[in-house]
Amino acid sequence: MSRSYLKVNSVTHAMKAKNILSANGIYAQVVRNGNADKREGCGYSVLIDGDADRAVSLLHANHVKILGHGDVHGRL
């Protein structure tokens with residue numbers, strides 16, 4: 001299973017994303033970004049196990065803005 005992160009602009013969006021993804025069978029965990037840049041929001045991401053493209057589609061359909069996403073290769 002693929003492990004990916006989805007960067008969001010607030011902890012509120014991170015929690016909403018976690019709830020939406022979990023309700024759709026995708027494991028999700030809210031994490032603090034290790035190298036947060038203030039230009040990219042509050043510095044939170046959602047760590048997922050599963051299909052990142054499906055997760056992004058679900059979140060866009062539920063009006064959760066994703067700032068970026070990628071595979072996990074160490075730290076966020």
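From the N terminus on, the elements of the chain run β-α-β-β-α-β, which gives two helices and four strands to colour by type. Bear in mind throughout that the model is predicted. With the whole chain of 76 residues selected, buried residues make up 37% of the total. The surface that the chain exposes comes to about 4,500 Å², with carbon and sulfur atoms supplying 48% of it. A contact map is a useful companion view: among contacts with a separation of 6 or more, residues 24 or more positions apart account for 71%.

**Stop 1: the strands**

Select β3 (44–49) together with β1 (residues 3–8). These two strands run antiparallel and are joined by six bridges. To find one position in this pairing, select K7, which stands opposite S45 in β3.

Next, add strand β2 (residues 27–32) to the selection. β2 is also antiparallel to β3, and six bridges join the two. Here Y27 is a suitable marker, as it stands opposite D49 in β3.

**Stop 2: S4 in β1**

Return to β1 and select S4, which is found in that strand. The relative accessibility of S4 is 1%, so this residue counts as buried. What does the side chain of S4 meet in a polar contact? The partner is the side chain of D71, at 3.5 Å. Now display the surroundings of S4, leaving aside neighbours within four places in sequence: the residues in contact are V46, L47, I48, A52, G70, D71 and V72.

**Stop 3: the nonpolar core**

Select L6, L21, V46, I48, L59 and V64 as side chains. The largest nonpolar core has 17 residues, and these six touch the most other members. At least two residues of this core come from each of β1, α1 (11–23), β3 and α2 (52–61). Which element gives the most to this core? The answer is α2, with five residues. As a general point, nonpolar side chains in soluble globular proteins tend to be buried together.

Centre the view on V64 to inspect one member of that set. Not counting residues up to four places away in sequence, V64 touches V8, H13, K16, A17, I20 and L59.

**Stop 4: the two sides of α2**

Hide everything except α2, then select A52, A55, V56, L58 and L59, the buried residues of this helix. Why do they lie on the same side of α2? They cover an arc of only 160 degrees around the axis, and this places them on one side of the helix. An α-helix has 3.6 residues a turn, so residues three or four places apart point the same way. Turn to the other side of α2, where D53 and A61 are exposed. When the rest of the chain is shown again, the buried residues of α2 can be seen to pack against β1, α1, β3 and β4.

At the start of α2, select D51 and D53: a side-chain oxygen of D51 reaches to within 3.0 Å of the backbone nitrogen of D53.

**Stop 5: A52 and R54**

Both of these residues belong to α2. Is A52 buried or exposed? Its relative accessibility is 12%, so A52 counts as buried. Beyond its neighbours within four places in sequence, A52 is in contact with S4 and H69, which leads back to the residue of Stop 2. A distance label between the C-alpha atoms of A52 and Y5 should read 8.0 Å, although the two residues are 47 residues apart along the chain.

For R54, the relative accessibility is 38%, and therefore R54 counts as partly exposed. With neighbours within four places in sequence left aside, R54 is in contact with N24 and I26. From C-alpha to C-alpha, R54 and I26 are 9.3 Å apart in space, with their positions 28 residues apart in sequence.

**Stop 6: H63 after α2**

Finally, select H63, which follows α2 and sits in the loop between α2 and β4 (66–71). At 68% relative accessibility, H63 counts as exposed. What should be checked in its backbone torsions? Phi of H63 is near 65 degrees, a positive value in a residue other than glycine. Most residues other than glycine have a negative phi.

Key:
Residues numbered from 1 in each chain as written. Predicted model: local features only at pLDDT ≥ 70, side-chain atom pairs only at ≥ 80, totals over all residues. Heavy atoms only, no water. Buried < 20%, exposed > 50% of the residue type's maximum accessible area, 1.4 Å probe, protein only. Polar contact = N/O pair within 3.5 Å; in protein donor to acceptor, adjacent residues only side chain to side chain. Contact = heavy atoms within 4.5 Å. Core = buried A, V, L, I, M, F, W, Y, C linked by side-chain atoms within 4.5 Å. Pairing = 2+ DSSP bridges. Areas by Shrake-Rupley, 256 points an atom, 1.4 Å probe, with all protein chains shown as cover. Arc of directions from axis to C-beta.
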